[in-house]
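Colleague: I'm new to this one and would like to know how its labels were earned. Could you put it up and let me pester you?

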Amino acid sequence: MAIKFSSAFAKNIKDEAVQTAVRKTVVSLANACKQISHICARGPLESGMGTQTGAANTDGDAQKALDVRSDEIITAALETAPVAYYASEEQDSIVTMDKTELLAVASDPLDGSSNIDTNVSIGTIFSIFVAKDAAVSSFFRPGSDQICAGVFVYGPQTTLVVTAGAGSETYVLDPDTGVFTLAIASMKIEPSSTEYAINASNHHHWGAPVRGYIEDCLLGACGPLGAKQNMRWVGSLVADANRILSRGGMFMYPGDDRPGYKDGRLRLLYEAAPVAFVIEQAGGTATDGTRRILDIDLETLHQRIPLVFGSREPVQALADYHKKQD
Ligand code: AHG
Ligand code: MN
Ligand code: MN
């Protein structure tokens, strides 16, 4: 077994068939991500994983070989899991696996593509719903319908932060045993923080509330926030999320006025919603600036959403800058 679950994992899911299906599916994903982690660890020895395939995904991002390979590995793993439907960043439309099965899984198979060749952490994100009769209705719903979500990181350690709706747990892939092993039973994000993450090169494209907030961050102890605000930006959502889960902080990818960036860059179904679920279950908050991410209904499969998450107090402070603007 690729993962040794804690005694509590998914026990809160009352329907035993669903609980069993969730556990089986997370085992399949853990198996898949062990394989992806192995490819990442071999880096340049694994030929050409960072090279562009020449194709683009639905969102227009250039696909790299590892994006496609990761999607193939996850697809193959889910084919033997109790999964009816699979939605992926790398697939234009929903893949029907076995309509009689219980679950629907969405995934960003490889997050942080731009970091593949740089030996910087990258990862895999997944989201699990109870499937409905049709493929579309299985995913076109609010993120609060998720029954499980998780973030794998391929970094100095290969880790999984996962929730089934009763707290967020961290597992580490033990290189000695090849098993994801419980490391932290209950993640807790501090309510306050003095660290933020944003791609500052987009400064002149942001709206007034985000610009105002970040300018106040830059004023540090001399400004209204009254303390130095440290800045970190990995460029892999999974790695920034993992840091915030570990020591607090705030992540922002707001909308901006570049063509195609009105709703930011990150996708609601397989990036924002699963990260929001894991973050909330660790005591943090996730919004689109003002609205709770998990309350937002999915309207198109690859829909983007502005994403702000992390420690409760700074996420609320940014919402207050939006309110002042209104
Ligand atoms: P992906 O590799 O799945 O396309 O996602 C990349 C995302 C996310 O990981 C990161 O936070 C963000 O894009 C970085 O965007 P910029 O290059 O605009 O900073
Ligand atoms: Mn991504
Ligand atoms: Mn991706």
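Colleague: What makes Asp108 a bridge between the manganese ion (ligand 3) and the manganese ion (ligand 2)?

Modeller: Asp108 coordinates both ions, which sit 3.7 Å apart. Keep in mind that this is a predicted model.

Colleague: How do you know which residues are donors to the manganese ion (ligand 3)?

Modeller: A donor has to be an N, O or S atom within 2.8 Å of the metal. Glu89 (OE), Asp108 (OD) and Leu110 (O) coordinate this ion at 2.1 to 2.2 Å, so they pass that cut-off. Along the chain, their spacing reads E-x18-D-x1-L.

Colleague: Why say that Glu89 and Asp108 tie parts of the chain together?

Modeller: Glu89 is in the loop between β4 (83–88) and β5 (95–96), while Asp108 is in strand β6 (residues 103–111), so the pair links parts 19 residues apart in sequence.

Colleague: And what coordinates the manganese ion (ligand 2)?

Modeller: Here the donors are Asp108 (OD), Asp111 (OD) and Glu271 (OE), at 1.9 to 2.1 Å. That range also meets the 2.8 Å limit, so these count as donors too. Their spacing in sequence is D-x2-D-x159-E.

Colleague: Are Glu89, Asp108 and Asp111 buried or exposed?

Modeller: Buried means under 20% relative accessible area. Asp108 has 1%, Asp111 has 5% and Glu89 has 5%, so each of them is called buried.

Colleague: Why is Ser186 called partly exposed, then?

Modeller: Its relative accessibility is 39%. Partly exposed is the band between under 20% and over 50%, so that is where Ser186 falls. Ser186 is in the loop between β11 (179–184) and β12 (195–197).

Colleague: What makes the pair Ser186 and Lys188 a polar contact?

Modeller: Their side chains are joined at 2.8 Å, and the cut-off for the N or O atoms is within 3.5 Å, so the pair qualifies. As for Gly283, it is 97 residues from Ser186 in sequence and 9.9 Å away in space, C-alpha to C-alpha.

Colleague: Let's turn to ligand 1. Which residues come nearest to ligand 1?

Modeller: Of the 18 residues around it, those are Ser113, Asn199, Leu237, Tyr253 and Arg265. The side chain of Asn199 has an N or O atom 2.8 Å from an oxygen atom of ligand 1. For Leu237, a backbone N or O atom lies 2.8 Å from an oxygen atom of the ligand. Glu89 has a side-chain N or O atom 3.1 Å from an oxygen atom of ligand 1.

Colleague: Which residues touch the most other members of the largest nonpolar core?

Modeller: That core has 47 residues, and the ones you're after are Phe139, Phe251, Leu269, Ile293 and Phe309. Helix α6 (residues 268–281) contributes the most to this core, with ten residues.

Colleague: Why is this core said to lie between domain 1 and domain 2?

Modeller: Domain 1 (3–184) and domain 2 (195–325) both supply residues to the core, so it lies between them. A second, separate core has 43 residues, including Ala10, Ala81, Val105 and Ile122.

Colleague: What is Leu269 in contact with, leaving aside its neighbours within four places in sequence?

Modeller: Its contacts include Ala87, Ala106, Phe129, Phe139 and Leu298.

Technical notes
Residues are numbered from 1 along each chain as its sequence is written. Chains are lettered from A and ligands numbered from 1 in the order in which they are written. This is a predicted model: local features need pLDDT of at least 70, side-chain atom pairs count only at pLDDT 80 or more; totals for chains, interfaces and linings use all residues. Side-chain values use heavy atoms; hydrogens and water are left out. Donors are N, O and S atoms within 2.8 Å of the metal (3.2 Å for Na, K and Ca); water is not among the atoms, so sites may look incomplete. Buried means under 20% relative accessible area, exposed over 50%, partly exposed in between (1.4 Å probe, protein chains only). Helices (H or I, at least four residues) and strands (E, at least two) are DSSP runs, numbered from the N terminus. A polar contact is a pair of N or O atoms within 3.5 Å; within protein, one must be able to donate a hydrogen and the other to accept it, and residues adjacent in sequence count only if both atoms are side-chain atoms. A nonpolar core is a set of buried Ala, Val, Leu, Ile, Met, Phe, Trp, Tyr and Cys residues joined through side-chain atoms within 4.5 Å. Domain bounds come from an automatic or database domain assignment. Contact means heavy atoms within 4.5 Å. A residue is near a molecule or strand if one of its heavy atoms lies within 4 Å of it.
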